[in-house]
Amino acid sequence: MRDQSIDVCCVAQTWFTSDIDDNFTYIPGYNILRCDRNSSNSIKKTGGGVCIYFREHLDFVQLSVVDSEYYEILWSHCIWDNMNYIVVAVYIPPDVCYYNELAEHIIEGFQALRQQYPEAKVILCGDFNQFATSVITNCCDITKLTHENTRGNSRLDKIFSSDELVFDSVETLQLTVNSDHLGILCKSKKRAAVSKFVYFRDQRTPRKNAFNVAMDNIDFDVLLQIESPDVTLNQLHNLITSCLDFHCPIKRVKITSKDPPFMSPVIKLLLRKKYRLRQKGRFLEAVNIGYRIREIVFNNVNSRRGRGGSKEWWEQINALTKKSVSTNTINAEPDDFNNHYANISTTDSYTPPVLAQTEGFAPPLLSINQGYHELKRVKRTACGHD
């Protein structure tokens, strides 16, 4: 994978189980998402399963789609080259009876995720065996990119995409692992950064305060001596505009498609200023600007996540997963609970145990040192009172 500079790798028939730890499946430089075969998605105990490897620098997350736990399918979202992708890996065993249900699940999953990520490109890949993929291509508006045999004279492994030009070339290759399937390698050239100049007015708090002070010191009585209303209006406009341009000037910065999502024109401006200060040896001022940049980035990231608390987050999650929240309330008094638990904890057939005979038994006398050493010898996991 490193030799081919692969950023995302989808694997079908991993044969992973819950007994196999992620340390065993770890590949240096990659993170992994897994969907192992279990009793929910297959009646067979061995084989099957899918996983997706992502390079460590990629931002990715596993997506939750309703009823996906009943199939060997893995839904994910990643950002590659500042573009959103929905990457889906699937393994469909041969001769199964749930083809129609699986097709409906994939179609409904794509429809839900496209509402959540309207600008994302879709990539569907895996081992489909005898599954008729024409239903998915017609309903999901995706195109098959593979046209070569991947196992003997059969085309079992396929890749689909919502954008035919997402890859520059698609080819098969012999795998280094023990498999009678061929691998599919999709190569894509990294797109050149699209840049544009953005003009904005510097409205940082110190500049706005200076503008307000300047406006308070302007003598507007001079304008009342002008007889023509048009001339008065033009003079007022020029006066305010000149004051605004002086204290809150218009800045120009270059924004490119390579910039991270939290980047804003103000951060670009501050980064440029920080660089110039470091060039002049004014390191203390550069450090202070760095703190200001960190604060703005933190606020930008939080604003993207939303300002709602955990309650609002879980409400959105339940809405996406279509989980209903029970709103039934129980009208009961504290005494009702006490009586209920007292009744279920009491039985008429209870017989109290016979007390041990301790009469005439002298407890041993231990010194402080003896007690300390005896307690020190007791293991931390020993049963008994704390």
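Trainee: How many bridges join β4 to β5?
Mentor: In this predicted model, four bridges join β4 to β5, and the two strands run antiparallel. Within that pairing, Q62 has S76 of β5 as its bridge partner.

Trainee: And what stands opposite S76 in β6?
Mentor: V87 does. Strands β5 (residues 73-80) and β6 (residues 83-91) are paired over eight bridges, in the antiparallel sense. Another bridge partner in β6 is V90, which goes with I73.

Trainee: What links β5 and β6?
Mentor: A hairpin, with two residues between the strands. D81 sits in the turn and has a positive phi of about 55 degrees.

Trainee: Zooming out, what's the strand order in the sheet?
Mentor: β4-β5-β6-β7-β9-β8, an open sheet of six strands with mixed pairing. β4 (59-62) and β8 (143-144) are the edge strands, each pairing on one side only.

Trainee: Is β5 mostly covered or mostly exposed?
Mentor: Mostly covered, with seven of its eight residues buried. Helix α2 (residues 99-116) lies across β5, β6 and β7 (121-127), and runs at about 30 degrees to β5.

Trainee: Different topic. What volume does the second largest pocket have?
Mentor: About 1,600 Å³. It is lined by 46 residues, of which I6, V8, C9, C10 and I184 are the closest to its centre.

Trainee: Which strands supply at least two residues of that lining?
Mentor: β5, β6 and β7 do, and so do β1 (8-12), β9 (157-161) and β11 (183-187).

Trainee: And the lining by class?
Mentor: The lining of the second largest pocket has 27 nonpolar residues, eleven polar and eight charged.

Conventions. Residues numbered from 1 in each chain as written. Predicted model: local features only at pLDDT ≥ 70, side-chain atom pairs only at ≥ 80, totals over all residues. Heavy atoms only, no water. Pairing = 2+ DSSP bridges. Contact = heavy atoms within 4.5 Å. Axes fitted to C-alpha atoms, helices over the stretch in contact; angles between N-to-C directions. 1 Å grid on protein atoms, 1.4 Å probe; cavity = no way out; pocket = protein on both sides within 12 Å on 5 of 7 lines; lining within 4 Å. Points joined across faces, edges and corners; volume = space filled by probe spheres on them. Nonpolar A, V, L, I, M, F, W, Y, C, P; charged D, E, K, R; others polar. Buried < 20%, exposed > 50% of the residue type's maximum accessible area, 1.4 Å probe, protein only.
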